Amino acid sequence: NALGGVNWQENNWEDEPDECKWDGIGCNENGDVDVIELNHFGLYGTPPSQIFALPELRILDLSENFIQFEFDGIEMAQNLEVLDLFSTGLKSIDNIDQLASTSINTLVLSSNDINEELPDVLWS
């Protein structure tokens, strides 16, 4: 299973056919996924970059999971406002400058192993 699915916290993903009713998933009034809050969900591995292709995604919270997050492709998430990667074991912020193409206004990277400075483009 992707991202260690067999070890995830108990959820309703296999039993519920409507992804808008899945634990940790929120949808807007049109039924488009706009919130993914899987904090402390038991995820591990690398989240697929296809997640950034969700056109209405506003909030992505993967905090407190042991994941290898990659920023490559995140510029596709044009409506992304919140990205929470608190305590994920993040070691690299390669391609983080792509966040400048999104609507990001909240970025949480604390409690990780990052030894790089954020590029100035994120603050403009």
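The count of disulfides in this structure comes to 1. The model is a predicted one, and the tour below starts from that bond before moving to two serines.

**First stop: the disulfide**

Please select Cys20 and Cys27, which form the disulfide. A bond of this kind is covalent and joins the sulfur atoms of two cysteines. Between Cys20 and Cys27, the sulfur atoms are 2.1 Å apart, within the 2.5 Å that the assignment of a disulfide requires.

With both side chains still displayed, turn to the torsion about the S-S bond. For Cys20 and Cys27 this torsion is about -95°, and the disulfide is therefore left-handed.

Next, display the surface around each cysteine. Cys20 has a relative accessible area of 23%, so Cys20 is partly exposed. Cys27 has a relative accessible area of 24% and is likewise partly exposed. Buried residues are those under 20% and exposed ones those over 50%.

**Second stop: Ser87**

Select strand S6 (82-84) and strand S7 (106-108), then the loop between them, where Ser87 lies. What is the sign of phi at Ser87? The angle is positive, about 50°, although Ser87 is not a glycine. How accessible is Ser87? Its relative accessibility is 29%, so Ser87 counts as partly exposed.

**Third stop: Ser111**

Continue along the chain into the segment after S7, and select Ser111 there. Ser111 is not a glycine, yet its phi is positive, at about 60°. To finish, display the backbone of Ser87, with its phi of about 50°, together with that of Ser111, with its phi of about 60°.

Note on methods. Residues are numbered from 1 along each chain as its sequence is written. This is a predicted model: local features need pLDDT of at least 70, side-chain atom pairs count only at pLDDT 80 or more; totals for chains, interfaces and linings use all residues. Side-chain values use heavy atoms; hydrogens and water are left out. Helices (H or I, at least four residues) and strands (E, at least two) are DSSP runs, numbered from the N terminus. Buried means under 20% relative accessible area, exposed over 50%, partly exposed in between (1.4 Å probe, protein chains only).
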